[in-house]
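Me: I am new to this structure and would like to be taken through it slowly, one question at a time. Please show it to me before we begin.

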Amino acid sequence: MNYKKYQNIIAASIAVITGIVFTMTVQSSVSFWDCGECSAAAVWMQVAHPPGAPFFNLIGRFFAMLPIADNVGLRTNLLSVFTSMISSLLLFLIMVKLIENYRGNSYKNLGDALTTYLSAAIGALAFSFSHSFWFNGTETEIYATNTVVFAAIIYF
């Protein structure tokens, strides 16, 4: 039996849970440290820190142009929320692949499949709500974007 449907449902649930919680706790404007510098660099397409983060600036410019909030700081903060959400989803899928490589890809029953999927879900959610990841996922910093790129490289 194919249990990919359950894997996809749990992966989508992790993305939705992380997205909702991070959106509820996102910074409403620019934070005290260099988040304002990252927001300004994204809006004006400048270099924030040498050597810079060109991928972050391109996506940040896109989010800064979206008409989803009056505040540019909030719009660029939502970039970190979005990339953190995708990072959590990819981390779940990476953990499922690692567990399946260790235990095998064939499942005997639904309970066996759910053991793998729920173990990976617990790991992904634990990472998502860790202090450092949550803190950087709710403000304009390049760490969330770097995490999603790193997770995509590992997954693919």
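Me: What distance should the 14 residues of helix 7 span, and how far apart are its end C-alpha atoms?
Reply: This is a predicted model, in which local features need pLDDT of at least 70, side-chain atom pairs count only at pLDDT 80 or more, and totals for chains, interfaces and linings use all residues. Residues are numbered from 1 along each chain as its sequence is written, and side-chain values use heavy atoms, with hydrogens and water left out. Helices are DSSP runs (H or I, at least four residues), numbered from the N terminus, and the expected span is 1.5 Å times one less than the number of residues. For helix 7, residues 142–155, the expected span at 1.5 Å a residue agrees with the distance between the end C-alpha atoms, because both come to 20 Å.

Me: Within what arc do the buried residues of helix 7 fall, seen down its axis?
Reply: Buried means under 20% relative accessible area, exposed over 50%, and partly exposed in between, with a 1.4 Å probe and protein chains only. The buried residues in helix 7 are Ala144, Thr145, Val148, Ala151 and Ala152. An α-helix has 3.6 residues a turn, so residues three or four places apart point the same way. Taking the directions from the helix axis to the C-beta atoms, the buried residues line one face of helix 7, because they fall within an arc of 125°.

Me: Which exposed residues does the face of helix 7 turned away from its buried side carry?
Reply: The buried residues of helix 7 have a cover that includes helix 3 (54–65), helix 4 and helix 6, where contact means heavy atoms within 4.5 Å. On the face turned away from that buried side, the exposed residues are Phe150 and Ile153.

Me: How many aromatic pairs does a search of the whole structure find?
Reply: Rings of Phe, Tyr and Trp (its six-membered ring) pair if their centres lie within 6.5 Å, and planes under 30 degrees apart count as stacked, over 60 as edge-to-face and the rest as tilted. By this rule, the number of aromatic pairs found is 11.

Me: What is the angle between the planes of phenylalanine 22 and phenylalanine 129?
Reply: Phenylalanine 22 lies in helix 1 (residues 4–24), and phenylalanine 129 in the loop between helix 5 (110–128) and helix 6 (131–136), 107 residues apart. Phenylalanine 22 is buried at 0% relative accessible area, whereas phenylalanine 129 is partly exposed at 28%. Their pair is edge-to-face, at 6.0 Å centre to centre, with an angle between the planes of 75°.

Notes. Helices (H or I, at least four residues) and strands (E, at least two) are DSSP runs, numbered from the N terminus.
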